[in-house]
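Biologist: Hi! Could you pull up the model so we can go through it together?
Modeller: Happy to, here it comes.
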Amino acid sequence: MRCPALSDLPPPRPGKTGWPWTDATPPAPATLPDGAAWPRISIVTPSFNQGRFLEETLRSVLLQGYPDLEYVVIDGGSTDESVGILQRYEPWLAHWESAPDRGQSDALNKGLARCTGDVVTFIGSDDLYLPGAFADVARRQAAHPACGVFVGAFRYLDAHSRLVGEPRLPKLPHDGPLDLTLGPPGVYRLHQVATFYARNALDQVGRHVREDLVYTMDRELLYRVCRRFKVCLAERPYGAFRRHEDSKSVAALLPFSQEFARLYRLHRTGNRAEDRLRERMARYHTARGYLKYAAATDSALAGAAALLKALAHRPAFVFQRGYLARWLKVLGRKPHFSRQKNARWAEGP
């Protein structure tokens, strides 16, 4: 379907202005620059009780001015205002449903199975796309048909929908194919909110996420695609990732890091040299989780224990200035809790 005009959608909430409430992306030209039809773009949003953010996410998809859009929303049986919002936007959705599910990964798989687009991706119900993202992705997909994934820059967004900081550019050592599970730390920055897949690439690696993963299902899919296909990077910001106190990862720093470590072990191949690198990456992310927990906990005792566990998994931390600084903060801290969201649609190591 064609994206609706701003005047077609329900009016913005009182006091809401700017993108995507009172601003919209101008409609894209009738065709691509070479006269070809625009590829269909399919977007999936899994949601559960995110009514305070959901409408903004919907509008950021629908107001892209994109000529051929398929939008699927899978709600897990929300008890807040989410269903009412989805009912108001139903004319512009290819499909939506609200029923209990087995979690976010199950919801994603339900949505991905319905996608018919040439380009397919998913976005959380508390995040949003930035103006003109879809048309830029489509142009790059037409220009680079061998690429399996297209990744732009991203911004951070706070609970009040204010963009925070400068755009974070995507980063890779080369355009691939490449195995991201081999490290080293910091070799990539590819954020899900700015990631779009070629459907043919997804179909070759499996158009699904692993339902046994709670926090890193998106990254496991990214690893599968990058291992077999080239990656096209763009400096243009495509999406904004919201950090707020209710985000799933704030309450689960250690489970997230432990699952992240498991992700590297899941990709072991039996090649001893490569698997040693994957184990090193697994221990690194476990240690990083303890460092983040030490920064977040109010308890000096728990923080100190976490710092010791981090060192056990990554002895090299002892030589890093930041590790000593964390000890000083833990031993002399005042009670606080970090609000940083750093899990499910997260950037690279």
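Biologist: Let's start with S161: what is its relative accessible area, and how does that class the residue?
Modeller: This is a predicted model, and in it S161 has a relative accessible area of 23%. The cut-off for buried is under 20% and for exposed over 50%, so S161 counts as partly exposed.

Biologist: Thanks! Where is S161 found?
Modeller: S161 sits in the loop between β6 (147-157) and β7. Its phi is also worth a look: the value is near 65°, which is positive, and S161 is a residue other than glycine.

Biologist: Nice. And what about phi of N49?
Modeller: N49 is not a glycine either, yet its phi is positive, about 50°. You'll find N49 in the loop between β1 and α1 (51-62).

Biologist: How does N49 count by relative accessibility?
Modeller: As partly exposed, with a relative accessibility of 31%.

Biologist: While we're on backbone geometry, which residues does a cis peptide bond join?
Modeller: One cis peptide bond links W19 to P20, with omega at about -5°. Another links G183 to P184, where omega is about 5°.

Biologist: And where are those two prolines?
Modeller: P20 belongs to the segment before β1 (41-47). P184 lies in the loop between β7 (163-168) and β8 (195-198).

Biologist: Speaking of β8, I was looking at F196. Is it buried or exposed?
Modeller: F196, which is in strand β8, has 0% relative accessibility and so counts as buried.

Biologist: What is F196 in contact with, apart from its neighbours within four places in sequence?
Modeller: Quite a list! Its contacts include the aromatic side of things with Y129, F134, F150 and Y238. I43, V119, V120, T121, V137, G148 and V149 are also in contact with F196.

Biologist: How far is F196 from R268?
Modeller: Their C-alpha atoms are separated by 26 Å, and the two residues are 72 apart along the chain.

Biologist: Okay, switching to helices. What span should α7 have, going by its residues?
Modeller: Helix α7 has 14 residues (253-266), and at 1.5 Å a residue it should span 20 Å. Its end C-alpha atoms are 20 Å apart, so the two values agree.

Biologist: Which residues of α7 are buried?
Modeller: L253, L254, F256, S257, E259, F260, A261, L263 and Y264 are buried. Note that E259 and S257 are on that list along with residues such as L253 and F260.

Biologist: And what do the buried residues of α7 pack against?
Modeller: Two other helices: α6 (217-228) and α8 (272-296).

Biologist: Let's zoom out. How many helices and strands does the protein have?
Modeller: Ten helices and nine strands. The radius of gyration is 21 Å, close to the 20 Å that the globule rule gives for 349 residues, so the protein is as compact as a globular protein of that length.

Biologist: What box do the C-alpha atoms fill?
Modeller: Roughly 60 × 45 × 35 Å, taken along the principal axes.

Biologist: How many of the residues count as buried, as a percentage?
Modeller: 54% of the 349 residues. The protein exposes about 15000 Å², and carbon and sulfur atoms supply 53% of that area.

Biologist: Last one: how far apart are the mean positions of the positive and negative charges?
Modeller: They are 8 Å apart, for 49 positive and 36 negative charges.

Terms used
Residues numbered from 1 in each chain as written. Predicted model: local features only at pLDDT ≥ 70, side-chain atom pairs only at ≥ 80, totals over all residues. Heavy atoms only, no water. Helix = DSSP H or I, 4+ residues; strand = E, 2+ residues; numbered from the N terminus. Rg over C-alpha atoms; globule rule 2.2 N^0.38 Å. Buried < 20%, exposed > 50% of the residue type's maximum accessible area, 1.4 Å probe, protein only. Areas by Shrake-Rupley, 256 points an atom, 1.4 Å probe, with all protein chains shown as cover. Lys, Arg positive; Asp, Glu negative; His and termini not counted. Charge placed at Lys NZ, Arg CZ, Asp CG, Glu CD. Expected span 1.5 Å × (residues − 1). Contact = heavy atoms within 4.5 Å.
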